[in-house]
Amino acid sequence: MPIEPRNAPIRGGTLPGQADAHAHAGVRDLHADWLKAAAIVGVVCIHAGTPVQDLFRFGVPVFIGLWAYYLEKALARRPKETHGAYLLQRLVELGVAYLAWTLLYIEKFYEGRLDTTPLHTVVGGWFGGYGWSGQYYFVILFQLTLLFPLLRRWIADAPTLPVIAAGVALNVAAGYWLFEHRLISAVGDRLFIYWIPYVAMGIALARGELARRPGLAIVGGLLLLAAPLESALFTEHSAYLSLTVTLASLLLLASAVSADRARMAVPAQPPGFVGRAVALVGRHTFAIYVANVGMLEVCKATGFTAFAESHAGDWGLIAVVAVALAGGLAIGWLLQALGLGVLVGKR
């Protein structure tokens, strides 16, 4: 889950509010597309309720880092005096998509309950990040977009790695201790401050301060394998603030994203059919992100979910995930054809 800068050479998708600015000289950064594809598959797996969900928690942190990467790139190639107008435009486009999908899902999930629901629940819950699966991502992006000029200046003035390390320490402290306080727990991980490590990583990668290290993907993957164990040992913390998920997400970003797209855009060998198919998913993650909740409901209503589970247990949900991915792609294509591309991050 992307809203692209105008005059981008190739169209593509990430997530809500993201500028897909990694097209360069007619080529795409396939490494980034593949990472985005893995992240959106993980998001849909979580929403579908597949086993060992903690393995997939890297999805949203990775999207936050990519969002910061693309936004930093977009601002860097624009005159400074236009930055405010550009960010405002991004906020408006993000708000349109957020409002449209939120109203759609509220009508579906909370029909007839408005008159009996307290106002604070409607505002803080239905519209505040808990209205539908994945809505909280919009809430985080609203905050980060407003604060981005401040954050990019702050990160520029401080050594990058210490900023990231401090953010990781804060996440761990919040996840294991601070969330015991009622007020902090009520706000949850929707507060922008918990996502600063990924913003710092994205900006550093965009500026070329950190080079792509493909081997880090292996370390990140091993850390993710330990995420279910950490979750089992510490059941009260936010899964997104756990040490394994936080470090793994940062390492995956560093393994796949490069500032020098012209030199790093294409793998040594041209990708085969599978590689191109994965990249296709990676280019349209916004549409899948916002539409997968509805597609999963369709699978339930038609009995497909029950059918899949009856034949393969929980692992049958992989087929449901595949249907949700395909449906998200189709909905994105349809809305663009109807001139409603803003609802799936396309101008």
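Five salt bridges turn up when the whole of this predicted model is searched. Three of the residues involved, Glu-72, Arg-152 and Arg-207, are tied together in a network of such bridges. The chain around them has 15 helices and zero strands. Here is a friendly tour, beginning with the charged pairs and moving on to helix packing, the surface and a few individual residues.

**Salt bridges**

- Arg-152 pairs with Glu-72, and their closest N and O atoms are 2.8 Å apart. This bridge joins distant parts of the chain: Arg-152 belongs to helix α5 (residues 135–157) and Glu-72 to helix α2 (residues 59–76), with their positions 80 residues apart in sequence. Both Arg-152 and Glu-72 are buried.
- Arg-57 forms a salt bridge with Asp-54, where the closest N and O atoms are 3.6 Å apart. Arg-57 has a relative accessibility of 15%, so it counts as buried. Asp-54 is buried too, because its relative accessible area is 15%, and the cut-off for burial is under 20%.
- Glu-297 bridges to Lys-300, with the closest N and O atoms 3.8 Å apart. Both residues sit in helix α13, three residues apart, which is about one turn of the helix.
- The two partners in that α13 pair fall into separate accessibility classes: Glu-297, at 23% relative accessibility, counts as partly exposed, whereas Lys-300, at 56%, counts as exposed.

**Two helices side by side**

- Two packed helices are described by the angle between their axes and the distance between the axes.
- Helix α3 (residues 83–109) and helix α13 (residues 285–301) have axes that come within 11 Å and cross at roughly 5°. Because that angle is under 35 degrees, α3 is roughly parallel to α13.
- On the α3 side, the contact is made by Ala-97, Trp-101, Tyr-105, Lys-108 and Phe-109. On the α13 side, the contributors are Phe-286, Val-290, Ala-291, Val-293, Gly-294 and Glu-297.
- Glu-297 therefore appears twice in this briefing: it takes part in the contact with α3, and it is also the salt-bridge partner of Lys-300.

**Inside and outside**

- The chain has 347 residues, and buried residues make up 52% of them.
- About 15,200 Å² of the chain is exposed, with carbon and sulfur atoms supplying 68% of that area.
- Leu-183, Val-187, Leu-191 and Ile-193 make a nonpolar surface patch of about 320 Å².
- Within that patch, Val-187 lies in helix α7 (residues 182–187). Val-187 counts as partly exposed because its relative accessibility is 33%.

**Helix α2 and its surroundings**

- Gly-59 is in helix α2, and its relative accessibility of 0% means that it counts as buried.
- Leaving aside residues up to four places away in sequence, Gly-59 touches Ala-39 and Val-43. The C-alpha atoms of Gly-59 and Val-43 are 5.8 Å apart, although the two residues are separated by 16 residues along the chain.
- Tyr-70 also has its place in helix α2, and it counts as buried at 0% relative accessibility.
- Tyr-70 and Leu-205 are 135 residues apart in sequence, while their C-alpha atoms are 9.9 Å apart in space.
- Glu-72, already met as the partner of Arg-152, is another residue of helix α2.

**An unusual backbone angle in a loop**

- Most residues other than glycine have a negative phi. Val-52 has a positive phi of about 45°, although it is not a glycine.
- Val-52 is found in the loop between α1 (30–48) and α2. With a relative accessible area of 42%, Val-52 is partly exposed.
- Val-52 and Leu-229 are 177 residues apart along the chain, and 9.9 Å separates their C-alpha atoms.
- Leu-229 itself is in helix α9 (residues 216–233). Its relative accessibility is 53%, so Leu-229 counts as exposed.

Conventions
Residues numbered from 1 in each chain as written. Predicted model: local features only at pLDDT ≥ 70, side-chain atom pairs only at ≥ 80, totals over all residues. Heavy atoms only, no water. Helix = DSSP H or I, 4+ residues; strand = E, 2+ residues; numbered from the N terminus. Buried < 20%, exposed > 50% of the residue type's maximum accessible area, 1.4 Å probe, protein only. Areas by Shrake-Rupley, 256 points an atom, 1.4 Å probe, with all protein chains shown as cover. Patch = residues over 30% accessible without salt bridge, like charges linked within 9 Å, V, L, I, M, F, W, Y side chains within 5 Å. Salt bridge = Lys/Arg side-chain N within 4 Å of Asp/Glu carboxyl O. Axes fitted to C-alpha atoms, helices over the stretch in contact; angles between N-to-C directions. Parallel < 35°, antiparallel > 145°, perpendicular 65-115°, else oblique. Contact = heavy atoms within 4.5 Å.
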